[in-house]
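Colleague: Please give me a close look at the nonpolar surface of this model. Start there, then work through the parts that connect to it and on to the buried interior.

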Amino acid sequence: MSVTFKGTAVELEGNGVNVGQIAPAVELVAKDLSTISVGGASGKYQVLIVVPSLDTGVCATEARTFNQKVASKSNVEATVISLDLPFAMGRFCSIEGIENLRVASDFRGAKFGKEYGVLLASSPLAGLLTRAIFVLDPNGVVVYKELVSEITTEPNYDAALKAISGGGCGCGCSH
């Protein structure tokens, strides 16, 4: 699948993780500078919300939308992942009232971006993460993946959330 930024194709760097695969566990930095892990088996569904920066309108809207949509879900842990500094992520959560999502920074070596194949290798955003959603089942298997085709647009929220309840085909379409 190709990804574009304002209509121009971009290149992604890294391994890539696909539906049906075990998602690798990766350590990231929380807003309080502690280490948190995403991926792998956790005993609950994981929604990994990958954004270029919470400091942009589309990313902020996406975080607010997922914050509302996962509030009523049980056995789900949703994490927004970007290369923003943990301090900025914490400030964003405070200002926006984000209480149902964890935020995690990949600023220490972009390990998540490289493992999941979502690190932008080209475009004016090179060095940041592309917009993507991964849903992992409690065993750490990827049951849904969406690389948002145009970075400046929002993801398919309903398809991602449908994957939590076992619905949908996992391809990012609206079935």
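Modeller: Four residues make up a nonpolar patch on the surface of this predicted model. They are L33, L85, F87 and F107. Together they have about 380 Å² of accessible area.

Take L85 and L33 in turn. L85 sits in the loop that runs between strand 7 (76-82) and helix 2 (86-96). L85 has a relative accessible area of 43%. Partly exposed covers values from 20% to 50%, so L85 falls in that class. L33 has a relative accessible area of 41%, so L33 is partly exposed as well.

Where in the chain does L33 lie? L33 is found in the loop between strand 4 and strand 5. Its backbone deserves a look. L33 is not a glycine, yet its phi is positive, about 75°. L33 belongs to the turn of a hairpin that strand 4 and strand 5 form, with 4 residues between the two strands.

Follow that hairpin. Strand 4 covers residues 26-30, and its pairing with strand 5 is antiparallel, over 4 bridges. One position fixes the register: L28 has I36 as its bridge partner in strand 5. Strand 5 (residues 35-38) has two faces, and its side chains alternate between them. I36 and V38 point to one face and are buried. T35 and S37 point to the other face and are not buried.

Just before strand 4 comes A25. A25 lies in the loop between strand 3 (12-13) and strand 4. Its relative accessible area is 54%; exposed begins over 50%, so A25 counts as exposed. The chain brings a distant residue into view here. A25 and L136 are 111 residues apart along the chain, and their C-alpha atoms are separated by 11 Å.

Now go past strand 5 to G39. The side chain of Q46 reaches the backbone nitrogen of G39 at 2.8 Å. The Q46 side chain also makes a polar contact with the side chain of S42, at 3.4 Å. Q46 itself lies in strand 6 (residues 45-50). Its relative accessible area is 2%; buried means under 20%, so Q46 is buried.

Is strand 6 as a whole enclosed or open? Of its 6 residues, 6 are buried, so strand 6 is largely enclosed by the rest of the structure. Contrast this with strand 5, where T35 and S37 are not buried. In strand 6 both directions are covered. Y45, V47 and I49 point one way and are buried. Q46, L48 and V50 point the other way and are buried too.

Strand 6 has a parallel partner. Strand 6 and strand 7 pair over 6 bridges in the parallel sense. Within that pairing, V47 stands opposite A78 of strand 7.

Strand 7 leads back towards the patch: the loop between strand 7 and helix 2 holds L85. The loop on the other side of strand 7 holds N75. That loop lies between helix 1 (57-69) and strand 7. N75 repeats a feature of L33: its phi is positive, about 60°, although N75 is not a glycine. With a relative accessible area of 41%, N75 is partly exposed.

Last, the aromatic residues of the interior. The structure holds 4 aromatic pairs. In one of them, the ring centres of F112 and F134 are 6.5 Å apart and the planes meet at 85°; over 60° counts as edge-to-face, so that is how this pair is classed. F112 belongs to helix 3 (residues 111-116) and F134 to strand 10 (residues 132-136), so the pair ties together parts 22 residues apart in sequence. F112 and F134 are both buried.

A second pair uses F134 again. The rings of Y116 and F134 have centres 5.1 Å apart and planes at 75°, so this pair is edge-to-face too. Y116 lies in helix 3 and F134 in strand 10, so the pair ties together parts that are 18 residues apart in sequence. Y116 has 1% relative accessibility and counts as buried. F134 has 0%, and counts as buried. F112, Y116 and F134 thus make one aromatic cluster.

Terms used:
Residues numbered from 1 in each chain as written. Predicted model: local features only at pLDDT ≥ 70, side-chain atom pairs only at ≥ 80, totals over all residues. Heavy atoms only, no water. Phe/Tyr/Trp six-rings, centres within 6.5 Å; stacked < 30°, edge-to-face > 60°. Buried < 20%, exposed > 50% of the residue type's maximum accessible area, 1.4 Å probe, protein only. Pairing = 2+ DSSP bridges. Patch = residues over 30% accessible without salt bridge, like charges linked within 9 Å, V, L, I, M, F, W, Y side chains within 5 Å. Areas by Shrake-Rupley, 256 points an atom, 1.4 Å probe, with all protein chains shown as cover. Salt bridge = Lys/Arg side-chain N within 4 Å of Asp/Glu carboxyl O. Polar contact = N/O pair within 3.5 Å; in protein donor to acceptor, adjacent residues only side chain to side chain.
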